[in-house]
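Here are my notes on the model, point by point. Please read them with the structure open.

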Amino acid sequence: MSRIGKKPVAIPAGVTATIEGGQLSVKGPKGTLALQMRDEISYTLENDGISIQPANKTKAARAFWGMQRTLVQNLITGVTEGFSKKLLITGVGYRANSQGKNLKLQLGYSHDVDYAIPEGIEIKTPDNTTVEISGIDKQKVGQVAAEIRRWRKPEPYKGKGIKYAGEFIFRKEGKKK
């Protein structure tokens with residue numbers, strides 16, 4: 001039994017959910033998101049929320065149950081509040097600028113890195129060493145943050161690189177004389 005899957009997903013005021021053609025669509029103040037429904041799971045719209053139950057007693061249905069409920073919850077959270085990630089850049093001469101639909105990163109390479117911002121994602125740079133990524137799709141926000149971080153991961157000796165806010169970098173001791 002999935003403890004997460006048992007709870008129905010509450011639909012707040014101002015959010016509408018519809019089930020059509022194998023897709024669950026959620027529309028709210030920030031936009032519209034859709035989820036492809038699984039055959040192993042049954043989705044029912046109720047007056048207080050969306051109930052997710054396994055369609056049959058197979059192991060696969062039980063495995064998808066809690067995950068599908070969490071994905072539906074992420075849809076509703078996305079169209080009401082949205083999601084955001086914050087990246088911190090550490091290193092001498094490392095900086096970031098948001099210019100229209102591009103993010104320009106200077107990360108110690110011989111060239112600047114230009115990252116094209118995908119549709120549905122907003123990137124702000126409050127200062128040279130902070131990048132704030134926000135959007136309504138949790139998966140897309142996390143993927144963009146991971147792609148930007150991949151250009152220069154934090155190294156363990158000086159901690160230089162791009163890291164998530166709140167991420168702990170395990171530091172190593174340098175060479176001994």
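1. Which residue of strand 3 does Glu20 stand opposite? The partner is Gln23. Strand 2 and strand 3 run antiparallel and are joined by five bridges. Their hairpin has two residues between the strands, and Gly21 there takes a positive phi near 55°.

2. Some ground rules. The model is predicted: local features need pLDDT of at least 70, side-chain atom pairs count only at pLDDT 80 or more, and totals for chains, interfaces and linings use all residues. Residues are numbered from 1 along each chain as its sequence is written, and side-chain values use heavy atoms, with hydrogens and water left out. Helices (H or I, at least four residues) and strands (E, at least two) are DSSP runs, numbered from the N terminus. Two strands pair if DSSP finds at least two bridges between them.

3. The three-stranded sheet. Its order is 2-3-4, it is open, and the pairing is antiparallel. Strand 2 (16-20) and strand 4 are the edge strands, each pairing on one side only. From one strand to the next, the twist averages 20°. Axes here are lines fitted to C-alpha atoms, for helices over the stretch in contact; angles run from 0 to 180 degrees between N-to-C directions.

4. Strand 3 against strand 4. Six bridges join strand 3 (residues 23-28) to strand 4, again antiparallel. Among the bridge partners, Lys27 has Thr32 and Gly28 has Gly31. This pair also forms a hairpin, with two residues between the strands.

5. The faces of strand 3. Leu24, Val26 and Gly28 make up the covered face. Gln23, Ser25 and Lys27 make up the uncovered one. Helix 2 lies across strand 3 and strand 4, running at about 170° to strand 4.

6. Helix 2 itself. This helix (residues 59-80) has 22 residues. The span from first to last C-alpha is 33 Å, close to the 32 Å expected at 1.5 Å a residue; the expected value is 1.5 Å times one less than the number of residues. Helix 2 bends by about 30° at Trp65, where the bend is the angle between axes fitted to the seven residues ending there and the seven starting there. Its buried residues (under 20% relative accessible area, 1.4 Å probe, protein chains only) include Ala61, Trp65, Arg69 and Val72. Just after the helix, Gly82 takes a positive phi of about 85°.

7. Glu40. This residue lies in the loop between strand 4 (31-36) and strand 5 (41-45). The Glu40 side chain makes a polar contact with the side chain of Arg38 at 3.2 Å. Such a contact is a pair of N or O atoms within 3.5 Å; within protein, one must be able to donate a hydrogen and the other to accept it, and residues adjacent in sequence count only if both atoms are side-chain atoms. Leaving aside residues up to four places away in sequence, Glu40 touches Pro54, Ala55, Asn56, Ala61 and Phe64. Contact means heavy atoms within 4.5 Å.

8. The four-stranded sheet. This open sheet has the order 11-12-7-13 and antiparallel pairing. Strand 11 (121-124) and strand 13 (161-164) each have a single partner strand, so one side of each is left without a neighbour in the sheet. Six bridges join strand 7 (residues 83-90) to strand 12 (residues 130-135). Lys86 stands opposite Glu132 in strand 12. Helix 3 (residues 138-150) packs on this sheet, touching strand 7, strand 11, strand 12 and strand 13. Its direction makes about 10° with that of strand 7.

Terms used: Buried < 20%, exposed > 50% of the residue type's maximum accessible area, 1.4 Å probe, protein only.
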